[in-house]
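Reader: I'm new to this one. Can you walk me through it?
Author: Sure, have a look first.

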Amino acid sequence: MADPVRKLLTGSPGGGAQADEGVEEGGGVKCSKNRLEMKLVQSGSENSSEAGLTNDITALVLRRQVDRRKAAVYLTLIGLLIFTTAFLLGYVSFRGMCHFCVEEGELVPVEDPAGPDHSAGGGVIYMGELRDMLKKYLREEKIESTVRRVSRATHPTGSSEGNALATEILQSFQKLQMDHTWTDSHYATLQYPSRAQRNALWLVDADGTELEEILLDSADYCAYSATGTAMGGVVYVNYARKEDFDKLRVLGVALNGSVAMARVGGGVSFAEKVWHAQEAGMVGVLIYPDPADIPQDPRRLGLNGNVAISEHVHLGSGDPFTPGFPSFNHTQFPPTQSSGLPLIPAQPVSANVASKLLSQLVGMSCPQGWQGRLPYVRCVLGPGFSVEGRQVKMAVYNSMSPVLLNNIFASIEGKAEPDQYIIMGAQRDAWGPGAVKAGVGTAILLELARTFSTMLQNGFYPRRSLLFVSWDAGEFGNVGATEWLEGYLSMLHLKAVAYFSLDQAVMGDDTLSAYTSPLLADLIEGAIKQVDHPKHTGQSILSLAETQGGWRNKIVKPLYLNSGAYSFTSFGGVPAMELRFHEEGRVYPFVNTQMDSAERLQELLQGRLGVVGLAVGELVGLMVLRLTHDLILPLDVTCYSTAALRLSSQLNQLSAELQVRGLSPQWVYSARGDYSRAAKTLQEAIKNTDIQDERMTRLYNTRIMRVEYYFLSQYVSAVETPFRHVLHGRGEHTLSALTEHLALLRSDPQLFNEARFRRQLALFTWTLQGAANALSGDVWNIDNPF
């Protein structure tokens with residue numbers, strides 16, 4: 001066996017070349033002929049030669065196995081290197097793209113395209129760190145001390161105290177080293193009690209002869225009341241709501257020519273009460289706080305029986321003598337006035353005055369649920385008195401005056417999108433000390449401004465700009481804020497992302513309410529999850545609300561007329577929110593009185609004013625952080641589909657009645673469908689787009705920001721109908737007016753006006769269709785089957 005092998009290795013005839021090729025092909029190794037021959041010569045015998053040859057073959061085989069192992073090791077190392085490199089690249093890319101990772105515990109980097117360094121140390125600040133930073137720098141003691149400082153004296157608009165407070169706030173902003181601080185001034189016509197003649201109330205006989213004067217406090221008045229005298233019988237109208245007057249008409253009570261006696265509250269403002277009375281043909285309105293609604297025991301934080309509550313009665317906001325226009329001094333206006341100014345006089349009175357008048361009434365007994373708690377009063381409706389021919393006479397002598405308003409601004413400029421604003425504001429003026437009316441909001445505003453300024457010095461770089469505003473003339477119907485909106489309306493819908501009103505933010509510590517545009521509702525959940533309830537340490541606001549029926553049902557509420565946020569949404573088309581802590585089942589009784597002091601508020605809160613104010617500051621601050629941080633604005637554009645769906649459902653239920661009159665709801669159905677599809681399409685497009693693309697992000701955000709503005713009806717005048725929002729506004733163009741009229745088809749068909757309904761349906765439908773078209777983006781994306 002050794003011979004063939006020897007011949008193969010020594011290259012003997014018949015096998016050399018083939019052997020070399022065979023070895024080279026089979027193992028990839030070519031052996032040296034001479035080296036092998038030397039080994040054969042040195043061997044001593046044939047046996048030893050055969051052993052040497054065997055050893056050489058073994059060496060070759062082992063060498064071949066080692067080479068294979070080395071190759072395997074090299075391949076493994078190369079594979080690990082490729083995998084590690086790919087993993088690191090993917091991790092870095094994912095971190096840069098993860099802008100929606102905002103759940104609790106996740107870290108989301110704050111982008112700053114203006115430069116690579118995000119802090120003094122050049123590191124990246126994450127959303128979780130920003131939340132911690134916000135909570136670290138917010139100080140409850142500063143909130144309490146500012147409330148006391150602001151409410152140390154009355155400071156109405158135009159007074160020396162009011163001007164001194166405005167200067168103090170401006171200086172506070174300037175000390176914070178904001179990017180910009182400035183004052184925006186307007187001249188507005190405001191109404192005050194006359195210094196020459198006091199408002200008065202008398203009991204008179206049938207001839208108008210004054211029998212007895214009922215004394216009124218000279219400081220109590222309703223701003224923008226009609227002036228002059230009114231005389232007639234007195235009718236108790238409960239809260240003076242529309243349904244209350246409907247009930248009185250059904251009962252056959254004589255309203256025309258009478259004076260209304262209305263209770264404070266009932267979910268309607270003084271302006272709405274006066275408007276309803278005027279529509280009913282009444283000649284004047286007296287408004288009083290009933291003990292059933294407003295606590296009257298001063299020993300238990302209640303009003304004194306001689307205290308009245310004041311409030312303006314302009315059914316609108318802003319300067320009523322420049323409706324729809326800004327009150328700049330250099331602008332000349334034609335003589336005009338708001339359609340919301342009342343034509344009848346209104347006057348607030350105390351519970352004692354109301355008791356004196358109502359105790360003398362005769363007539364039909366009150367409907368169930370109308371009984372108040374005035375002492376010695378049997379609830380009857382009037383209008384007659386127990387003494388035949390007796391009436392009441394009221395006189396209002398308020399006077400108009402042009403006043404310089406000063407809104408105070410400060411801003412932190414955004415680094416990536418500085419032309420997009422998140423705005424926080426609070427009313428500054430108050431007829432009384434105004435601890436709740438002006439002090440709380442101003443204190444939280446200044447503390448948020450200080451906190452964000454401190455965060456900026458510690459590495460916080462907001463993507464969008466922050467505006468902090470102290471508004472003037474809020475007591476007169478948010479005049480300062482509305483005049484600013486009117487002055488910059490043409491640009492604000494392109495720049496204002498959201499507005500947060502801090503007015504009356506603390507009226508208790510029991511229940512949180514968020515009066516908000518639906519677009520902002522989803523922001524609330526993330527905030528209340530991270531803030532402890534001020535009355536239940538260690539328990540978040542969300543967890544407590546979930547045990548009480550769910551946070552949406554418990555916390556989220558619609559905007560209301562006198563809210564500081566209302567004008568921004570219903571007039572300006574800007575999503576807005578107003579947060580408030582209050583007592584469950586008990587109102588804070590001192591708002592709009594001379595008793596609204598920091599001491600009484602602290603007593604109500606048992607010394608926790610700073611704690612509750614801090615909770616509000618944290619909630620607003622967290623929502624502002626989210627709005628200024630996210631690449632895509634976190635506004636829910638699908639929310640208005642639900643409102644349109646409810647209308648569609650109601651129309652469907654009344655389809656038979658509509659068809660009899662030749663009315664078709666098909667266009668409403670189509671518009672609703674178009675809006676729903678456009679909203680969902682936009683959401684899907686955002687999910688499937690690289691949001692690192694600044695151009696696409698900008699386009700999407702522009703469409704999102706304008707959604708609220710899309711629902712301002714373009715078919716009604718801003719002068720005649722300033723609250724043009726079809727879902728939150730007031731007027732014939734609104735969804736509420738449409739559904740109310742539609743309900744008459746079954747409740748009272750004779751009052752249904754087909755021409756009016758056609759107009760209402762058209763106004764709403766085309767506004768909804770316009771919103772759908774705008775949300776779709778470009779004209780070639782619009783679905784128009786008609």
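Reader: Which helix holds I78?
Author: I78 sits in helix α4, residues 46-97. Bear in mind that this is a predicted model.

Reader: Why does I78 count as partly exposed?
Author: Its relative accessibility is 47%. Partly exposed runs from 20% to 50%, so I78 falls in that class.

Reader: Which residues make the nonpolar surface patch with I78?
Author: Y74, L77, L80 and I82 join I78 there. The patch covers about 550 Å².

Reader: New topic. How do you find empty space inside?
Author: Rolling a probe the size of a water molecule over the atoms shows where empty space is left.

Reader: How many cavities of 30 Å³ or more does the structure hold?
Author: Four. The largest has a volume of about 90 Å³.

Reader: What lines the largest cavity?
Author: Its lining includes Y236, Y288, D290 and L358. Also among the lining residues is the run Q371, G372, R373 and L374, as well as V377, R378, C379 and V380.

Reader: How does that lining of the largest cavity divide?
Author: Seven residues are nonpolar, two polar and three charged.

Reader: And the second largest cavity, what is its volume?
Author: About 60 Å³. Residues lining the second largest cavity include H155, P156, N406, R428 and D472.

Reader: Which helix gives the largest share of that lining?
Author: Helix α7, residues 160-175, with four residues.

Reader: What classes are in the lining of the second largest cavity?
Author: Three nonpolar, six polar and three charged residues.

Technical notes
Residues are numbered from 1 along each chain as its sequence is written. This is a predicted model: local features need pLDDT of at least 70, side-chain atom pairs count only at pLDDT 80 or more; totals for chains, interfaces and linings use all residues. Side-chain values use heavy atoms; hydrogens and water are left out. Patches are made of residues with over 30% relative accessible area and no salt bridge: like charges are joined within 9 Å, nonpolar side chains (Val, Leu, Ile, Met, Phe, Trp, Tyr) within 5 Å. Accessible areas come from the Shrake-Rupley method with a 1.4 Å probe; for residues, only the protein chains shown count as cover. A salt bridge is a side-chain nitrogen of Lys or Arg within 4 Å of a carboxyl oxygen of Asp or Glu. Helices (H or I, at least four residues) and strands (E, at least two) are DSSP runs, numbered from the N terminus. Buried means under 20% relative accessible area, exposed over 50%, partly exposed in between (1.4 Å probe, protein chains only). On a 1 Å grid over the protein atoms alone, a cavity is a set of points where a 1.4 Å probe fits but cannot get out, and a pocket is an open set with protein on both sides within 12 Å along at least five of seven lines; lining residues have an atom within 4 Å of a point. Grid points are joined across faces, edges and corners, and a volume is the space filled by probe spheres set on the points. Ala, Val, Leu, Ile, Met, Phe, Trp, Tyr, Cys and Pro count as nonpolar, Asp, Glu, Lys and Arg as charged, and the others, Gly among them, as polar.
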